[in-house]
Amino acid sequence: MNKATIASQISKVLTRIEGAASLASRRSDEITLIAVSKTKPAEAIEAAAACGLQHFGENYLQEALEKIETLHELDLTWHFIGPIQSNKTRPIAEHFDWVHSVDRLKIAQRLSDQRPAHLGPLNICLQVNISNEDTKSGVSADQAPELAKAITTLPNIRLRGVMTIPKPSDDPAEQAAAFEKVVTLFNTLRHTNPELDILSMGMSQDLEAAIAAGSTMVRIGTDIFGARNRS
Ligand SMILES: *Cc1c(COP(=O)(O)O)cnc(C)c1O
């Protein structure tokens, strides 16, 4: 996609975010747009940054590190949103500002141990698996409170909230039901951790339902950068 197309895609997404926020009587400035740039070149990220976007999400470590290096002069905020192998935590702790895909204690411990002190705490979301039997990623709603409790004792990471990837659906009622379950869990976690402030949910297909349910970070790939060749 060329620069002009990316700019017009971004403006459509921003209009959707504003429309959904307004329908839910919410302020659109409490919703952060993360542009998911996996498989897309650094030039595409540069084009999105030129439109004012600040937050970028990546899933694959090696290509992410290359883009972070190429674009280091832009002041961007990097979110790791993909599955994490425990032997890959160090570069994630060193090069990212946020990690949305933490679903077990061992990963959280390693990220905390490996986070360079001068960068300050790494922001973390727990990935929760509410509706999607197709993937093993994510902690179950039953186990999330215990994991959250253990994670909040770690010194160099800061638990901010939850992230979810619901089972893909184009039925708004089904989308809403999945997000409502996540919100219920989030509210439960907030009883013990009132500082939690992030609901990372909503992708190209379901951003309206996510915002209606209370999302504070939406992660949009396809509708900004176009379809991907590999998933
Ligand atoms: C790829 C991906 C996205 C973006 O999905 P689109 O449907 O392309 O908007 C969002 N979140 C996660 C975790 C992803 O892996």
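Select the ligand and the side chain of K38: an oxygen atom of the ligand is 2.7 Å from an N or O atom in that side chain. The model you are looking at is a predicted one. Now add N59, where an N or O atom of the side chain is 2.7 Å from an oxygen atom of the ligand. For G221, show the backbone instead, since the N or O atom that lies 2.8 Å from a ligand oxygen belongs to the backbone of G221. Taken alone, the ligand exposes 390 Å², and the protein buries 90% of that.

Next, select the whole shell around the ligand. The surrounding residues are V36, K38, N59, I81, I165, M203, S204, R219, I220, G221, T222 and R228. Coloured by type, this shell divides into 5 nonpolar, 4 polar and 3 charged residues.

**Strands β8 and β1**

Two members of the shell, R219 and I220, lead to the next stop. Select strand β8, residues 217-220. Which way do its side chains point? M217 and R219 point one way from β8, V218 and I220 point the other way, and all are buried. In general, side chains in a regular strand alternate between the two faces of the sheet.

Add strand β1, residues 32-36. β1 and β8 run parallel and are joined by 4 bridges. To find a matching pair, select I34 and R219: I34 stands opposite R219 in β8.

**Two loop residues with positive phi**

From β1, go to the loops on either side of this strand. The loop between α1 (3-23) and β1 holds S25. Phi of S25 is near 55°, a positive value in a residue other than glycine. Is S25 buried or exposed? S25 has 70% relative accessibility, so this residue counts as exposed, the cut-off being over 50%.

Then select T39, in the loop between β1 and α2 (42-50). Phi of T39 is near 70°, again a positive value in a residue other than glycine. Most residues other than glycine have a negative phi. T39 has a relative accessible area of 26% and is partly exposed.

**Strand β5**

Select strand β5, residues 122-128. How many of its residues are buried? The count is 7 of the 7, so β5 is largely enclosed by the rest of the structure. Show the side chains: L122, I124, L126 and V128 point one way, while N123, C125 and Q127 point the other way. Both sets are buried.

β5 has a pairing with β4 and a pairing with β6. Strand β4, residues 98-102, runs parallel to β5 and is joined to β5 by 3 bridges. In this pairing V99 stands opposite I124. Add helix α5, residues 105-114, to the selection: β4, α5 and β5 make a right-handed β-α-β unit.

Now select strand β6, residues 157-164. β5 and β6 pair in the parallel sense over 7 bridges. Here the residues to highlight are L126 and V162, with L126 standing opposite V162 in β6.

**H100 in β4**

Return to β4 and select H100, which has its place in that strand. H100 has 0% relative accessibility and counts as buried, because buried means under 20%. Which side chains does H100 contact? One polar contact, of 2.8 Å, joins the side chains of H100 and H79. Another, of 2.9 Å, joins the side chains of H100 and S200.

**Helices α6 and α7**

Select helix α6, residues 144-151, where A144 has its place. A144 is buried, with a relative accessible area of 0%. Put a distance label between the C-alpha atoms of A144 and Q127: these residues are 17 apart along the chain, and the atoms are separated by 9.0 Å. Q127 is one of the buried residues of β5.

The last stop is helix α7, residues 172-192, where A177 has its place. At 40% relative accessibility, A177 counts as partly exposed. How far apart in space are A177 and N193? A177 and N193 are 16 residues apart in sequence and 24 Å apart in space, C-alpha to C-alpha.

Technical notes
Residues numbered from 1 in each chain as written. Predicted model: local features only at pLDDT ≥ 70, side-chain atom pairs only at ≥ 80, totals over all residues. Heavy atoms only, no water. Near = heavy atom within 4 Å. Polar contact = N/O pair within 3.5 Å; in protein donor to acceptor, adjacent residues only side chain to side chain. Areas by Shrake-Rupley, 256 points an atom, 1.4 Å probe, with all protein chains shown as cover. Nonpolar A, V, L, I, M, F, W, Y, C, P; charged D, E, K, R; others polar. Buried < 20%, exposed > 50% of the residue type's maximum accessible area, 1.4 Å probe, protein only. Pairing = 2+ DSSP bridges. Right-handed = clockwise from strand over helix to strand, strands pointing away.
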